[in-house]
Amino acid sequence: MWLERTDGPHEECGVFGIYGHPSAAQITHVALIALQHRGQEAAGMASVDGERMYNHRGLGLVSDVFTREDLARLRGHAAIGHVRYSTAGQNTVENAQPLTFRTHRGSLALAHNGNLVNAPALRVLLERQGSLFQSTSDTEVVAHLIARSVQTNLIEAVRTSVSMVKGGYAFVLLTDDRLIALRDPYGLRPLALGRLGEAYVVASESCAFETIGAEFVRDVEPGETLVIDAGGLTAIAPAQPTRRAMCTFEHIYFARPDSDIDGWNVHAVRKKLGRILAERHPAAGDIVIGVPDSSVSAAAGFAEASGVPLEMGLVKNKYVARTFIQPSQALRDLGVRLKLNAVRSVVDGRRVVLIDDSIVRGTTSRRLVQLLREAGATEVHVRISSPPYKHACHYGIDTSSKGQLIAADHSVEGICREIGADSLEFLTVEETMEAFGVPQDAPYPFCNACFTGCYPTEVYPISKEQYDVSQQGVGV
Ligand code: SF4
């Protein structure tokens with residue numbers, strides 16, 4: 001039977017794990033705050049002390065979810081943590097991660113960043129075979145696969161189970177005596193390894209290491225599994241090497257500028273994107289303004305390359321969650337109004353070149369152009385440091401429906417009219433790849449599917465035959 005895709009929960013989340021530190025929960029708490037930009041709807045943590053597993057999850061920001069008492073209860077030398085974003089209707093505490101289970105193998109906690117494209121199909125199969133699900137999270141599918149695996153070795157059970165899910169992901173798992181971390185075979189979602197004294201740490205982004213005083217060791221390789229226990233670190237290479245397809249949008253928008261992903265510093269890439277934008281898509285303006293915070297680096301690059309002065313013409317209210325990842329259009333509209341203000345003394349009477357990293361739905365751009373005009377800008381020329389975002393992402397970013405994307409059914413001129421700008425230009429995919437210095441002969445080691453529609457993995461529908469679980473050593 002072919003299963004039609006339904007637009008279920010799609011997450012852009014952050015994960016963290018630590019093994020071998022007496023204050024594992026406290027360190028995880030600080031790391032989750034550093035990863036807060038990756039998800040603001042829920043947070044959670046699980047820890048182990050060699051005797052039992054502790055966990056705590058809740059809805060809201062990390063600072064709302066954990067009290068001092070909660071952290072004191074999360075005892076032990078190892079912990080994993082998660083910050084979560086979900087679509088509307090899925091933001092329940094049952095879906096907050098890490099999910100924890102008691103299995104015949106002992107305690108198991110799981111958390112993941114990304115989206116498992118065949119999770120709905122696997123879930124139907126598992127439910128038909130008697131599995132009872134507690135949540136609507138993709139992550140629980142993997143927990144059931146692990147629990148039902150016929151593999152006697154836990155690591156093999158985890159690897160076999162995770163190999164059955166397709167998509168973009170970074171997993172962290174905690175057992176009574178081990179921390180396990182896995183990155184998807186394409187490297188779609190980031191995952192980094194660090195050291196904090198004698199302890200090992202893993203995180204979605206290396207900015208978490210800076211915050212906790214850990215040293216960056218390396219990126220987890222696509223398809224690699226790390227097992228950390230009392231004996232140290234064991235790295236298990238992927239069974240079959242796959243073409244790399246790191247998410248370009250992590251660099252363009254999601255990641256923090258102080259993170260390094262797969263050898264590229266996010267700020268440096270954004271600045272280069274801005275320089276290329278100025279060289280290939282110049283605009284006649286008196287000042288350059290970057291949309292805070294994610295476009296500030298690109299605006300600096302544009303200003304440097306064009307010689308047009310960079311100004312702070314927009315001020316951000318830091319206490320409002322990111323607009324793009326608010327769960328409904330109404331909240332997004334409200335978020336834009338709350339979040340940014342134009343500085344009249346900077347903008348009044350000037351021709352503004354507004355640099356933004358992307359136009360996804362168009363809401364923010366329209367409001368920004370309006371704000372700048374209201375503050376006295378005589379012209380507003382918008383330059384975008386990425387190509388038009390035309391296709392849905394199936395790998396963990398909340399653009400699962402093409403209908404939400406303004407570039408899906410508008411030309412560049414049409415978008416320009418919609419947002420009310422005097423001119424609008426985007427980078428091409430080739431110009432975007434130039435910023436990474438990768439050879440221009442494709443295939444690039446990046447996923448550009450939201451720009452090109454060419455997905456690195458199969459998406460949907462998924463057939464039962466393609467995921468014939470009985471042939472993969474799992475007892476479902
Ligand atoms: S489709 Fe776009 S947002 Fe999604 S993983 Fe690929 S590059 Fe990233």
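Start at the ligand in this predicted model and colour the shell around it by residue class: you will find 10 nonpolar, 1 polar and 1 charged residues.

To see who they are, select Leu188, Arg189, Cys247, Thr248, Phe249, Tyr389, Cys393, Tyr395, Ile397, Cys447, Ala449 and Cys450, which surround the ligand. Two elements each give two or more residues to this shell: helix H8 (248-254) and helix H16 (449-452). Show those helices as ribbons and keep the ligand as sticks. If your viewer can draw cavities, switch that on too, as the ligand sits in the largest cavity.

Next, select residues 412-419, which form helix H14. Which residues of this helix are buried? They are Gly414, Ile415, Cys416 and Ile419. Here is a handy rule for looking at them: an α-helix has 3.6 residues a turn, so residues three or four places apart point the same way.

Now add the partners of H14. Its buried residues pack against helix H13 (363-374), strand S22 (379-384) and strand S23 (423-426). Then step just past the end of the helix to Gly420, which follows H14 and has a positive phi, near 75°.

Finally, zoom out to the whole chain. Its secondary structure comes to 16 helices and 25 strands, and 60% of its 476 residues count as buried. Turn on the surface as well: the chain exposes about 17,800 Å², with carbon and sulfur atoms supplying 50% of that area. As a last look, consider the contacts between residues with a separation of 6 or more: 70% of them link residues 24 or more positions apart.

Note on methods
Residues numbered from 1 in each chain as written. Predicted model: local features only at pLDDT ≥ 70, side-chain atom pairs only at ≥ 80, totals over all residues. Heavy atoms only, no water. Near = heavy atom within 4 Å. 1 Å grid on protein atoms, 1.4 Å probe; cavity = no way out; pocket = protein on both sides within 12 Å on 5 of 7 lines; lining within 4 Å. Sits in = over half its atoms within 2 Å of the grid points. Helix = DSSP H or I, 4+ residues; strand = E, 2+ residues; numbered from the N terminus. Nonpolar A, V, L, I, M, F, W, Y, C, P; charged D, E, K, R; others polar. Buried < 20%, exposed > 50% of the residue type's maximum accessible area, 1.4 Å probe, protein only. Contact = heavy atoms within 4.5 Å. Areas by Shrake-Rupley, 256 points an atom, 1.4 Å probe, with all protein chains shown as cover.
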